[in-house]
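Subject: A structure to look through

Dear colleague,

I am passing on the structure below, and I would be glad if you kept it open while you read the notes that follow it. Please bear in mind that it is a predicted model.

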Amino acid sequence: MTPDDLRAALDLTPEAAAWLEDARRKIADDPAKLAVLFPAAGRKVGRGALENLTGWTADDAARALLLDALPRPRAAAVSRAYADGDNAEKRAVLRALPILGLGDEGLPLVRDALRTNDTRLVAAAMGPYAAAHLDDESWRHGVLKCVFVGVPVAAVAGLADRADAELARMLTDFAKEREAAGRVVPDDVHLVLQLADQES
């Protein structure tokens with residue numbers, strides 16, 4: 001995923017496209033303007049789903065492009081946008097992490113999102129950035145969180161590559177607890193167990 005991919009996926013009106021490019025210029029010149037322009041993105045470009053980017057909305061992509069316009073170093077401004085944002089804005093920050101070049105500086109945002117029960121934030125947190133940067137233990141707990149709150153494991157980037165015997169053990173324990181309580185075991189548990197079995 002690159003900023004060019006996001007631009008290509010956006011199908012903006014001429015007015016919305018002009019707003020986005022003007023907002024990017026303003027943020028590049030004065031990063032403090034992000035505080036006003038970032039929340040406005042949904043009103044200016046819309047909130048509809050993007051056909052070519054599964055799970056992304058127009059405001060997600062526009063906000064990611066606004067964050068990409070920040071001069072470096074940008075970790076503090078990105079963290080502030082997350083902390084000050086509503087859940088849609090937080091989701092956009094999480095989705096943008098792979099294109100921002102933050103190294104491990106975005107991990108506190110991922111960890112914060114994984115402490116919530118908002119399925120949109122949990123799904124966004126377990127995207128490509130988490131696959132590349134979360135340590136094994138935190139990543140496994142993120143997968144377990146997805147299963148627990150009902151986020152489809154298809155949202156977990158790198159699942160086929162990172163599923164391992166320890167994740168299988170954790171999910172087996174989870175399934176036993178659910179069965180003992182007379183609760184249904186989500187189908188995704190069995191899918192991850194199959195992936196983990198293939199990796200071992």
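D4 and R7 form a salt bridge, in which the closest N and O atoms are 3.0 Å apart. The two residues are 3 apart in helix α1 (residues 3–9), so about one helical turn separates them. D4 is exposed, with a relative accessible area of 54%, whereas R7, at 32% relative accessibility, counts as partly exposed.

A second pair to look at is R24 and D68, whose closest N and O atoms are 3.6 Å apart in a salt bridge. Because R24 belongs to helix α2 (residues 14–29) and D68 to helix α4 (residues 58–68), this pair ties together parts that are 44 residues apart in sequence. Both R24 and D68 are buried. The two pairs do not stand alone, since D4, R7, E21, R24, D68 and R74 are linked in a network of salt bridges.

R111 and D135 also meet through their side chains in a salt bridge (3.6 Å, N to O). R111 is in helix α7 (residues 107–114) and D135 in the loop between α9 (128–133) and α10 (136–149), 24 residues apart, and the pair thus links distant parts of the chain.

Finally, please look at helix α5 (residues 75–84) and helix α6 (residues 87–96), whose axes come within 7 Å and cross at roughly 150 degrees; the two helices are therefore roughly antiparallel to each other. In their contact, V78, A81, Y82, A83 and D84 of α5 meet E89, K90, V93 and L94 of α6, and by class this makes 6 nonpolar, no polar and 3 charged residues.

With best wishes

Note on methods. Residues numbered from 1 in each chain as written. Predicted model: local features only at pLDDT ≥ 70, side-chain atom pairs only at ≥ 80, totals over all residues. Heavy atoms only, no water. Axes fitted to C-alpha atoms, helices over the stretch in contact; angles between N-to-C directions. Helix = DSSP H or I, 4+ residues; strand = E, 2+ residues; numbered from the N terminus. Parallel < 35°, antiparallel > 145°, perpendicular 65-115°, else oblique. Contact = heavy atoms within 4.5 Å. Nonpolar A, V, L, I, M, F, W, Y, C, P; charged D, E, K, R; others polar. Salt bridge = Lys/Arg side-chain N within 4 Å of Asp/Glu carboxyl O. Buried < 20%, exposed > 50% of the residue type's maximum accessible area, 1.4 Å probe, protein only.
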